[in-house]
Structures are given as C-alpha cells and as structure tokens.
Amino acid sequence: MMEYRNTPQRKLVLDIVKNRRDHPSADEVYNEARRSDPHISRGTIYRNLKLLSEQGLIRHVRMA
C-alpha cells in the first residue's frame with residue numbers, strides 16, 4: 001500500500017467527515033471546508049474523499 005502524506009487539507013476533510021453524524025455529500029464537505037480554508041478547491045475535496053475512502057478511514061455511501 002502506498003504511503004500518503006497527511007496534508008492539512010486531508011486532515012481538514014477527515015475532521016469534517018468524522019465530526020458529522022450524518023452522511024455529508026462532497027459539496028457539503030466542500031462548503032464546510034471553505035469556512036476554514038477559503039482557497040480549498042472542489043478537486044481537493046473530491047481527491048481527498050476518494051483517498052480517505054481507499055485507505056478505509058471513511059466509507060463512501062451512495063445515496064439514491
């Protein structure tokens with residue numbers, strides 16, 4: 001398994017998801033992240049959500 005650096009943006013995304021009691025969408029994570037880091041991009045959110053899911057740190061839930 002590849003080793004990834006724990007960037008401030010990745011920690012922010014993980015903290016947002018772990019502190020929620022619901023299943024936030026990527027857009028909800030993005031909107032919340034921008035409160036802490038106004039320069040964070042949607043691409044950064046999507047990449048980090050995918051990586052955190054692949055690492056087993058969060059679970060990807062598909063909503064119908």
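This passage walks through a helix pairing, a few individual residues and a pocket in a predicted model.

A good place to begin is the pairing of helices H1 and H3. Their axes lie 10 Å apart and meet at an angle of about 70°. Because angles from 65 to 115 degrees count as roughly perpendicular, H1 is described as roughly perpendicular to H3. On the H1 side, the contact is made by Gln-9, Arg-10, Val-13, Leu-14 and Val-17, while H3 brings Thr-44, Ile-45, Asn-48, Leu-49, Leu-51 and Leu-52. Sorted by class, seven of the residues in this contact are nonpolar, three are polar and one is charged.

Several residues of H1 are tucked away from the surface. Arg-10, Leu-12, Val-13, Leu-14, Ile-16 and Val-17 are buried in this helix. The partners against which the buried residues of H1 pack are H2 and H3.

Two residues of the H1 and H3 contact invite a closer look. Arg-10, in helix H1, has a relative accessible area of 14% and is therefore buried, the cut-off for this being under 20%. Leaving aside residues up to four places away in sequence, Arg-10 touches Tyr-4, Arg-5, Asn-48, Leu-51 and Leu-52. Asn-48 belongs to helix H3. With a relative accessible area of 5%, Asn-48 is buried as well. Again not counting residues up to four places away in sequence, Asn-48 touches Gln-9, Arg-10 and Val-13.

Helix H2 offers another asparagine to consider, Asn-31. Its relative accessibility is 44%, so Asn-31 counts as partly exposed, a class that covers values between the 20% limit for buried and the 50% limit for exposed. Along the chain, Asn-31 and Leu-51 are 20 residues apart, and 19 Å separates their C-alpha atoms.

Attention now turns to the open space in the model. Rolling a probe the size of a water molecule over the atoms shows where empty space is left. The largest pocket holds about 540 Å³ of space. It is lined by 20 residues, and those closest to its centre are Pro-24, Ile-58, Arg-59, His-60 and Val-61. Three elements each give two or more residues to this lining: helix H1 (8-18), helix H2 (26-36) and helix H3 (42-54). Of these, H3 supplies the largest share, with four residues. In terms of class, the lining of the largest pocket is made up of 10 nonpolar, four polar and six charged residues.

Taken together, these views return to the same helices. H3 packs with H1 at an angle of about 70°, and H3 also gives the largest share of the lining of the largest pocket. H2, for its part, is packed against by buried residues of H1 and gives two or more residues to the pocket lining.

Technical notes
Residues are numbered from 1 along each chain as its sequence is written. This is a predicted model: local features need pLDDT of at least 70, side-chain atom pairs count only at pLDDT 80 or more; totals for chains, interfaces and linings use all residues. Side-chain values use heavy atoms; hydrogens and water are left out. On a 1 Å grid over the protein atoms alone, a cavity is a set of points where a 1.4 Å probe fits but cannot get out, and a pocket is an open set with protein on both sides within 12 Å along at least five of seven lines; lining residues have an atom within 4 Å of a point. Grid points are joined across faces, edges and corners, and a volume is the space filled by probe spheres set on the points. Ala, Val, Leu, Ile, Met, Phe, Trp, Tyr, Cys and Pro count as nonpolar, Asp, Glu, Lys and Arg as charged, and the others, Gly among them, as polar. Buried means under 20% relative accessible area, exposed over 50%, partly exposed in between (1.4 Å probe, protein chains only). Contact means heavy atoms within 4.5 Å. Axes are lines fitted to C-alpha atoms, for helices over the stretch in contact, and angles run from 0 to 180 degrees between N-to-C directions. Angles under 35 degrees count as roughly parallel, over 145 as roughly antiparallel, 65 to 115 as roughly perpendicular and the rest as oblique.
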